[in-house]
Amino acid sequence: MTTQPAIAPLASLSSEELATFLATKEQEYAALRRRGLALDLTRGKPSSAQLDLSDRLLSLPTTTRDRSGADVRNYGGLQGLPELREIFAELLWVEPDQVVCGGNSSLTMMHDTLVHLLLHGSPDSSRPWASDLQDGAVRFICPVPGYDRHFSMLASFGIEMLSVPMNADGPDVAAVEALVRDDPSIKGMWVVPTYANPSGAVCSQEVAAALVGMPTAAPDFRIFWDNAYAFHHLTEEEAKSADVLTLAAASGHPNRPIMFASTSKITFAGAGVAVLAASAENKAWFLEHLAMGSIGPDKVNHLRHVEFFGSADGVREHMRRHRDIIAPKFAAVDEALTSALAGLGIAEWTRPTGGYFVNLDVLDGTAARVVRLAGDAGISLTPAGSSFPLHQDPRDRNIRLAPTFPVLEEVETAMAGVATCAALAAAEQLSAGL
Ligand code: PLP
C-alpha cells in the first residue's frame, strides 16, 4: 500500500508553509548526501538476474546443422535461419518470408536502413535521400518524448527533426498528418509502437492504420517501426502490437513501414539476435544492399536461439520470467513517487504495463536541477532533455527513469532520493517566484 501525504498542492501553500516545506526538504537532501550513495538509473539495461535466465545459451547449440541440413558454421543464408524467422514472424504478426534475422543489434539494422536510403534511395524512388540533403533538407518526425539514440542517429546525418506529441495511444496523428501532407522533405518518422521508450504508450490499431494510410507529399515516406519492447509485458494484460505490415499493404502503402525488433532484452543484450520485417520489395532492397557487406549472419547464434526458445510460446514463457524479476522494480518506482509526491501538484509519472522505462515529468523548469541534485547525491539519472531531439526539452520537465538494472533495494533507495530531489527543486523554484 502507498501512503498519501496529507499535503496540499505546493503552489497553494502560504509563503510560511512553503518555507517550512523547503527547509524540511533541504534537511532530507542533506541526509541523502551524507549516505554516500552510488546508484545508477540511467540506461535501460537488463539486470544480472535477467541475463542469468538465458545462461543455457552458453552451452548451445547442440548441433551444427539447421533444419534443412545446412552447416550453420559456414557462410551463407543472408536472410537468417528460417526456423528463427518463423518464431519471430509468429510473435510479430508477419510472414516468415518478410523477416530478416541479423546480428545482435536492431539499432544497427535501423542505421543500415537509413544509410541505404541516404545513399541509394528506396524501391519507391531511386533518388537518394542524400541528394535531398544536399539540395535542401531531409526532415523526420520524432514523437516526443522518445528514444535518445533515434534522435542522435538522425542528427549525425544532419537530418532535421520535427517533434510531435507521443500520446497514450501513439503519435499524435493529426499533428503528423498536417506536417507530411504538403512537405516532400519530410521523409520519415520513428514509432516505438509497444510500450514506448520512455512513456510506455502502446500504439493503437487505429493510430497505426492512420499512419500507414495518410497521404504524404514524399512518395518514399518511411515509418521506422521500432518494436523493441513488443513482448516485454509487465502485467498479465499483454498488449498486442498493431499489425502494421498488413495494415500498410491494405492501405496501398506496403513499403511505408519497416519493422525492427531484437532479443536484446530477452536473452543477452550484447549477444542476441535482431530482426527486420518488411514488404517483399523492401526486404529485397534491404538484402540487396546488405549483401554488399555480408556473406551471411551469425547462424550459430541463430540456431542457439532456436534451440533455446523452441517456439514462439517459448519466448512468451521466457518473458514471463523477466516480468517476475522486473515488475516489482516498476512497482517500487511508483510507490516511492506516490508516497513522496502525490498531491503536491509538482510531478506526474507513468505506470507502464510493459517496456523498460518510467516517464517522470517534474515541475516545469526543474528537470535539469533534479538530475543535478540527484547526481550530487550519488544517484545517476539520464541527463535531462535526453528524450527530445538535440536534448532540448522545451519545458525542462522530463526525466526518463530506468529501473531494471539495479537490484530492488537499490531502486527503492534511489527513487526515494529522486522524489526528495524533485520536491526540493520544486520548492526552490516556487519560493524564488514569491
Ligand atoms: N529501440 C529502442 C526503442 C530502445 O529503447 C533500444 C534500447 O534501449 C533499442 C532500440 C536498442 O536495440 P538493440 O539492442 O536491438 O540495438
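Within helix α12, R321 and E317 sit 4 residues apart, about one turn of the helix. In this predicted model, the two side chains form a salt bridge, with their closest N and O atoms 3.9 Å apart. R321 is partly exposed, at a relative accessible area of 39%, and E317 is likewise partly exposed, at 38%.

This pair belongs to a wider set of charge contacts, as the structure holds 23 salt bridges. Another of them joins K283 to D97, with 3.1 Å between the closest N and O atoms. K283 lies in helix α10 (residues 280-290) and D97 in the loop between α3 (82-92) and β2 (99-101), so this salt bridge ties together parts that are 186 residues apart in sequence. K283 counts as buried because its relative accessibility is 9%, under the 20% cut-off, whereas D97 is partly exposed at 48%.

A further salt bridge brings together the side chains of R395 and D364, at 2.8 Å from N to O. Here the partners come from two loops, R395 from the one between β12 (379-380) and β13 (398-401) and D364 from the one between β11 (358-362) and α13 (367-376), so the contact links parts that are 31 residues apart in sequence. R395 is partly exposed, at 42% relative accessibility, and D364 is partly exposed as well, at 31%. Elsewhere, salt bridges connect R127, D132, D135, K187 and D220 into a network.

Turning to the surface, E335, E409, E410 and E412 form a negative patch. Helix α14 (residues 408-432) gives the most to this patch, with 3 residues. E335 is found in helix α12 (residues 312-341) and is partly exposed, with a relative accessible area of 41%.

Conventions: Residues are numbered from 1 along each chain as its sequence is written. This is a predicted model: local features need pLDDT of at least 70, side-chain atom pairs count only at pLDDT 80 or more; totals for chains, interfaces and linings use all residues. Side-chain values use heavy atoms; hydrogens and water are left out. Patches are made of residues with over 30% relative accessible area and no salt bridge: like charges are joined within 9 Å, nonpolar side chains (Val, Leu, Ile, Met, Phe, Trp, Tyr) within 5 Å. Accessible areas come from the Shrake-Rupley method with a 1.4 Å probe; for residues, only the protein chains shown count as cover. A salt bridge is a side-chain nitrogen of Lys or Arg within 4 Å of a carboxyl oxygen of Asp or Glu. Lys and Arg count as positive and Asp and Glu as negative; His and the chain ends are not counted. The place of a charge is taken as NZ of Lys, CZ of Arg, CG of Asp or CD of Glu. Buried means under 20% relative accessible area, exposed over 50%, partly exposed in between (1.4 Å probe, protein chains only).
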